[in-house]
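Thanks for making the time, everyone. I would like to walk through one model this morning, going from the whole chain down to a few side-chain pairs.

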Amino acid sequence: MTIAALLAARADDDHVGLLAGDESWTWADVVRESTSRAAVFEALRVDGPPHIGVLLDNVPEFAFWLGGAALAGAVIVGINPTRRGDELANDIRHTDCQLIVTDAAGVALLDGLDLGVRLLDVGSTEYKQLVTDHREHTPAAVDDETLLLLLFTSGTTGAPKAVRCTQGRLASIAERVEAQYGVNRDDVCYAPMPLFHGNALMALWAPAVRTGATVALAPKFSASGFLADVRRYGATYFTYVGKALTYVLGTEERPDDADNPLQRGFGNEASDLDIERFERRFGCKIIEGYGSSEGGAVIQRVPDMPAGALGVGAPGVIVVNPDTMEECPPARFDAQGRLLNAEEATGEIVNTQGLQRFEGYYRNEEAFAARSRNGWYWSGDLAYRDDQGFFWFAGRNADWLRVDGENFAAAPVERILARLPGVAAVAVFAVPDARSGDQVMAVVELRPGATLDAAALAPFLAAQPDLGTKWAPRFVRLVPHMPLTVSNKVQKAALRAEAWMTDDPVYWRAERGDPAFTPMTDADRAALRSEFDAHGRGSQWPCS
């Protein structure tokens, strides 16, 4: 089973396959346009890996090149438009792109970079003539091991890596999505997530190719434009990642919000509170799943699972202590729901049944080795598991904090702080303590029109029965907008580097035992810097 074969099966299909703005294409049209792009690539192809970089928003040309690459046996490299300068150039060079398909904005973004590859501007006269002149193409001989995609990871905790995805793996994912989430020919699948990201390709585009459903494109995610697009296209299904639901919920609520065709949405990393609010407000079922572009470990939600849990793991998926290589003991909670053994129960999500679904990274053996230690797939995500077998997300493997000798993870603290009235998004991470170890810092974005009562912060924290004794933040920063990747994941590295050295409002407890949070002043920062220097930790002082 290959994506090329699934596309070929749509060659005479007159069902609407693609919507973008006021334009529409049947699946037969989509296959014809994809065939043309395959022919253009073959005409321009040079020696080397058949890798095509695509630097575009979610526009029809992106969809046509996805299909064209599948038919030509070529590889699409999804290029992240938020990358800049040397980082962007390195992404392109590392993945051996011999052609970049882009637009005027992309040409400007790439201007001055030493790439040595040909740029095709889809708005240019040259490009339009190429498409006109190349309409026929004999599909290449491909099989399920033919590489189709190089998908860059989000890079929230390190340099992005290019995940390999073959035609066979993508086709098998499409089959599973059809079976598990009910994507079918009658669906209109709205794609607000970028097509260079695994979420849109694996959970939406490929299942639509398989079933003959309609794909409806949004050039970029827009919270304010979400519901209008859903109504315009008649969308019944959509996908999301990260904080997308949070930002849609931050738009002005109207009495007729539930008057829309949506039936279900699929994604990951939404909070239980946001899922509940979204389902109630928009009359749409939200299906959360745990997964990654690498595909090495799967955790699924099940009926009657505890609020806040990830779900249950597929066979072989467990929580492992990376130091001992042993399974972590179950999490224990007190009567108030407080996690009692965070340090011993928290570990990395691992699939011990091998690496069948993980196809590695392109030209990065070191990263592959780190992910495949002991013949297992190591996800890089932290979790703990209760005595009923339910997984609870605890953050990335860089999200450990150590406060006064106690280790714990960020995600449980974020779930608690999300209960603050008016909160739209929360990020929790470690910042250095002036003497040793870490302190907890929280960054908060509020919903439009909401305010933070600093005097109420300490009483709120004291009232949370499941807040660990070391978990309460010492620093709370308010940001107008959380820094996000293009896939709506929080860029914690940038926040951690700045810490309290920012013009944004920062509230803190000047002494560990202080009962209240007060605004942090320049004088406070100077005094704290002196404390760092006095204890020989000046090198730990955050960037300004």
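Let me begin with the surface: the protein chain has an accessible surface of about 22300 Å², and 49% of that belongs to carbon and sulfur atoms, the areas coming from the Shrake-Rupley method with a 1.4 Å probe, where for residues only the protein chains shown count as cover. I should say at once that this is a predicted model, in which local features need pLDDT of at least 70 and side-chain atom pairs count only at pLDDT 80 or more, while totals for chains, interfaces and linings use all residues. Residues are numbered from 1 along each chain as its sequence is written, and side-chain values use heavy atoms, with hydrogens and water left out.

On the overall fold, the protein chain contains 17 helices and 27 strands, these being DSSP runs numbered from the N terminus, with H or I over at least four residues for a helix and E over at least two for a strand. The radius of gyration is 24 Å, close to the 24 Å that the globule rule gives for 544 residues, so the chain is as compact as a globular protein of that length; the radius is taken over C-alpha atoms, and the rule is 2.2 Å times the number of residues to the power 0.38. Along the principal axes, the C-alpha atoms fill a box of roughly 75 × 50 × 50 Å.

Of the 544 residues, 56% are buried, where buried means under 20% relative accessible area, exposed means over 50%, and partly exposed lies in between, with a 1.4 Å probe and protein chains only. If we take contacts between residues at least 6 apart in sequence, 68% of them join residues at least 24 apart, a contact being heavy atoms within 4.5 Å.

Now to the salt bridges, each defined as a side-chain nitrogen of Lys or Arg within 4 Å of a carboxyl oxygen of Asp or Glu. By that rule the count comes to 37. One of them pairs Asp 256 with Arg 231, with the closest N and O atoms 3.9 Å apart. Asp 256 sits in the loop between α10 (244–249) and β12 (264–268) and Arg 231 in helix α9 (residues 226–233), so this pair ties together parts that are 25 residues apart in sequence. Asp 256 is partly exposed at 38% relative accessibility, and Arg 231 is partly exposed at 36%.

What about a pair within one helix? Asp 274 and Arg 277 form a salt bridge at 4.0 Å, N to O, and both lie in helix α11 (residues 272–282), 3 residues apart, about one turn of the helix. Here Asp 274 is buried at 5%, whereas Arg 277 is partly exposed at 28%.

A further salt bridge joins Asp 399 and Lys 492, at 3.3 Å from N to O. Because Asp 399 lies in the loop between β20 (391–396) and β21 (400–403) and Lys 492 in helix α16 (residues 492–498), the pair ties together parts that are 93 residues apart in sequence. Asp 399 is buried at 8%, and Lys 492 is buried at 12%.

Finally, salt bridges that share partners join Glu 33, Arg 37, Glu 61 and Arg 135 into one network. Arg 135 also appears in the surroundings of Ser 36, which, leaving aside its neighbours within four places in sequence, is in contact with Val 131, His 134 and Arg 135. Ser 36 belongs to helix α2 (residues 27–44) and is buried, with a relative accessible area of 0%.
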